[in-house]
Amino acid sequence: MIPVFQGFLFGGGVNPYVSRVATFFMRENLVPHVARLVDIYHAKRDAMLKGLWEVLEGTDVEISKPEGGFFIWIKLPTVTNTTRLRETAVKHGIQYTAGPAFFINGGGEEFIRLAYSWETPERNYEGAKLLAQAIKDAR
């Protein structure tokens, strides 16, 4: 009797009907959908980069410009007080991930990682300017 019931189990995975509908839709629409997403994420990334560079130009900061993914890495300017930076960012409601979270053997204090995929380009720009000012003020 159990084998009969096993035919009804989906293992908590993807709904087979929805999976087929998505597959049918994506046959014709995957390439334009991905192109649209690339444009959306580039706009978000570029807005964040613009806000950062407008404030941090002329410092020795290093800011990545990723071709893919959802994160920008910043190597903070020399003599940046990371405790002061964190406190100022929290005060302004800005989140970032400190570099040491990604360095399994220690180190990374001079790095932070920013996510740009969630917010709108406008909010990324404004938030980046606030964070960049906090970086300058933490020197």
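This is a short tour of helix 2 and the sheet beside it, to be followed in the viewer.

The model is predicted, so to speak of local features a pLDDT of at least 70 is needed, side-chain atom pairs count only at pLDDT 80 or more, and totals for chains, interfaces and linings use all residues. Residues are numbered from 1 along each chain as its sequence is written, and side-chain values use heavy atoms, with hydrogens and water left out.

Select residues 16-56, which are helix 2; helices (H or I, at least four residues) and strands (E, at least two) are DSSP runs, numbered from the N terminus. At the start of this helix, a side-chain oxygen of Asn15 comes to within 2.8 Å of the backbone nitrogen of Tyr17.

Move on to Asn29, where helix 2 has a kink of about 70°, shortly before the proline Pro32; this bend is the angle between axes fitted to the seven residues ending there and the seven starting there.

Now select the buried residues of helix 2 (under 20% relative accessible area, 1.4 Å probe, protein chains only), among them Met48, Leu52 and Val55. Their cover includes strand 1, strand 2, strand 4 and helix 4, residues 121-137. After the helix, click on Gly58, whose phi is positive, near 95°.

Turn finally to the sheet, which is open and has four antiparallel strands in the order 1-2-4-3, where strands pair if DSSP finds at least two bridges between them. Its edges are strand 1 (62-63) and strand 3 (97-98), each pairing on one side only. Two bridges join strand 3 to strand 4, residues 111-115, and Thr97 has Arg113 in strand 4 as its bridge partner.

Key
Contact means heavy atoms within 4.5 Å. Axes are lines fitted to C-alpha atoms, for helices over the stretch in contact, and angles run from 0 to 180 degrees between N-to-C directions. Buried means under 20% relative accessible area, exposed over 50%, partly exposed in between (1.4 Å probe, protein chains only). A polar contact is a pair of N or O atoms within 3.5 Å; within protein, one must be able to donate a hydrogen and the other to accept it, and residues adjacent in sequence count only if both atoms are side-chain atoms.
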